[in-house]
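Open the model in your viewer and show it as a cartoon. The tour below says what to select at each stop and what is there.

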Amino acid sequence: MYIYDNLKNMIEFTPNFPLRQYNTFGIDVKAKYFAGFSSLAELHELIDDKLFMKHPSLILGGGSNVLFTKDFDGLIIHPKLEEINRIEETNEEIILKVGSGIIWDNLVEYAVLHGWGGLENLSAIPGNVGAAPIQNIGAYGAEIKDVIDKVIGIDLSNKKTCTFKNTECEFGYRSSIFKTRLKSKFLITHVVFRLKKFPHSLITGYGEIERILEHEKERTISVMRTVICNIRSSKLPDVKTKGNAGSYFKNPVVDIEIIEQLKKRMKDIPVYETPEGDYKLSAAWLIEKSGCKGIRSGNAGTHDHQPLVLINHGNATGKEILELADFIKEKVYQLFGIVLEPEVNVI
Ligand code: FAD
Ligand code: EPU
């Protein structure tokens, strides 16, 4: 390791950096260089440095939505801005500006403890705040777009600070402008959230939530957080013991004509109508029906309880996971004519 000191601050560019602890799949790869930053001044130093200018770069938060298929021949930039600032507060709501390096679930816990509603259904999603708008994280009937006021960051092509209002972020299902047009071009430094004080509007319509709540004495954001955490830990594998990146594929959004054709062949196929009036199929169901639930090929496999989650059983390489993903994709295509799209960012 060497320290690059340019008098003002100190940025460490660590060469040959092992990434196994920095991706939840637990893939054993290295980066040519790795650098973290803890302030905006450090970030500017980092992107003014010749190492940044000479190499391709990748922004890495918690590494819970990436699959490394080989060593990264460039510079990994790891945001460590850990601040939560109250920007505005009324009797009804609070506006928080949150640094990209805060662990997402720590923010959810903090909001719930303070009685600020809006994040509770997104409890226990791994990763950091800076990545949360990238794919508009969603779970149990909620999406982060519903509580985001603004996204602030640096345009890496001209190093200027830019602010995107919610309506400018082009949020969609597991998508935003930051995952499409601005992919790898915009570094999110802060996310501004608008959270609600009491009374809260709980979202209880997903799956078994309403049924579980019937057994609870009260319906609060704190109870919701506990319910969601319990459902998640019963369904999803713990990344500490089985490397994974959550859902590997997105749920396919299709036209009504395709739904009608599929229903003729398979009456029980689950179909969900989205608030936007689209139709979503369950990728987990399609994968299970294609015979790929709980399968294993070498060190790669699919989870026994949720086949949409691909797993590293031990020392899987990124290529092994990718090959399994391609195999599943092919099986689903052969049986249903549906092309699964990855949710995970393949590097
Ligand atoms: P990373 O994996 O580090 O990065 C993801 C992408 O964002 C990369 O392209 C990266 O370059 C980019 N990026 C990261 N930080 C920044 C930044 N500051 N500025 C610009 N670009 C950036 N997702 C859901 O939506 N819902 C779920 O219910 C859910 N459940 C999960 C369960 C498990 C067990 C796991 C492992 C993952 C799950 N995920 C879920 C996926 C993942 O947790 C989210 O996508 C999360 O937001 C990724 O955060 P991260 O910090 O780990 O991002
Ligand atoms: N299903 C099966 N077999 C299974 C599991 C599920 O057929 O083994 C079917 C069932 O019909 C079930 C349906 O899939 O009703 C939905 O399952 P689940 O509630 O587990 O949700 P999902 O659609 O598989 C999505 C998100 C998750 C999110 C949950 C809860 C995507 C790609 N995935 O999964 O997000 O946590 O809903 O809201 O949208 C992630 O993005 O990484 C992620 C984990």
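This is a predicted model. Begin with the sheet: select its five strands, which follow one another in the order E7-E8-E13-E11-E12. The sheet is open, and the pairing is antiparallel. Now colour strand E7 (84–89) and strand E12 (160–165), the edge strands, each of which pairs on one side only. Turn the view to look at the twist: neighbouring strands of this sheet are turned by 20 degrees against each other on average, direction ignored.

Next, select residues 93–99, which are strand E8, and residues 186–196, which are strand E13. How many bridges join E8 and E13? There are seven bridges, and the two strands pair in the antiparallel sense. To see a single pairing, pick Leu96; its bridge partner in E13 is Phe193.

Keep E13 on screen and add residues 40–48, helix H1. H1 packs on the sheet, where it touches E13 and strand E11 (148–155). The direction of H1 makes about 155 degrees with that of E13.

The last stop is a pair of helices. Select helix H3 (residues 104–114) and helix H5 (residues 221–235). Their axes come within 9 Å and cross at roughly 150 degrees. Angles over 145 degrees count as roughly antiparallel, so H3 is roughly antiparallel to H5. The crossing of H3 past H5 is left-handed.

Show side chains for the residues that make this contact:

- From H3: Asp105, Val108, Glu109 and Val112.
- From H5: Ile221, Ser222 and Arg225.

Colour the contact by class, and three nonpolar, one polar and three charged residues appear.

Notes:
Residues are numbered from 1 along each chain as its sequence is written. Chains are lettered from A and ligands numbered from 1 in the order in which they are written. This is a predicted model: local features need pLDDT of at least 70, side-chain atom pairs count only at pLDDT 80 or more; totals for chains, interfaces and linings use all residues. Side-chain values use heavy atoms; hydrogens and water are left out. Two strands pair if DSSP finds at least two bridges between them. Helices (H or I, at least four residues) and strands (E, at least two) are DSSP runs, numbered from the N terminus. Axes are lines fitted to C-alpha atoms, for helices over the stretch in contact, and angles run from 0 to 180 degrees between N-to-C directions. Contact means heavy atoms within 4.5 Å. Angles under 35 degrees count as roughly parallel, over 145 as roughly antiparallel, 65 to 115 as roughly perpendicular and the rest as oblique. A crossing is left-handed if the near helix is turned anticlockwise from the far one by less than a right angle, and right-handed if clockwise. Ala, Val, Leu, Ile, Met, Phe, Trp, Tyr, Cys and Pro count as nonpolar, Asp, Glu, Lys and Arg as charged, and the others, Gly among them, as polar.
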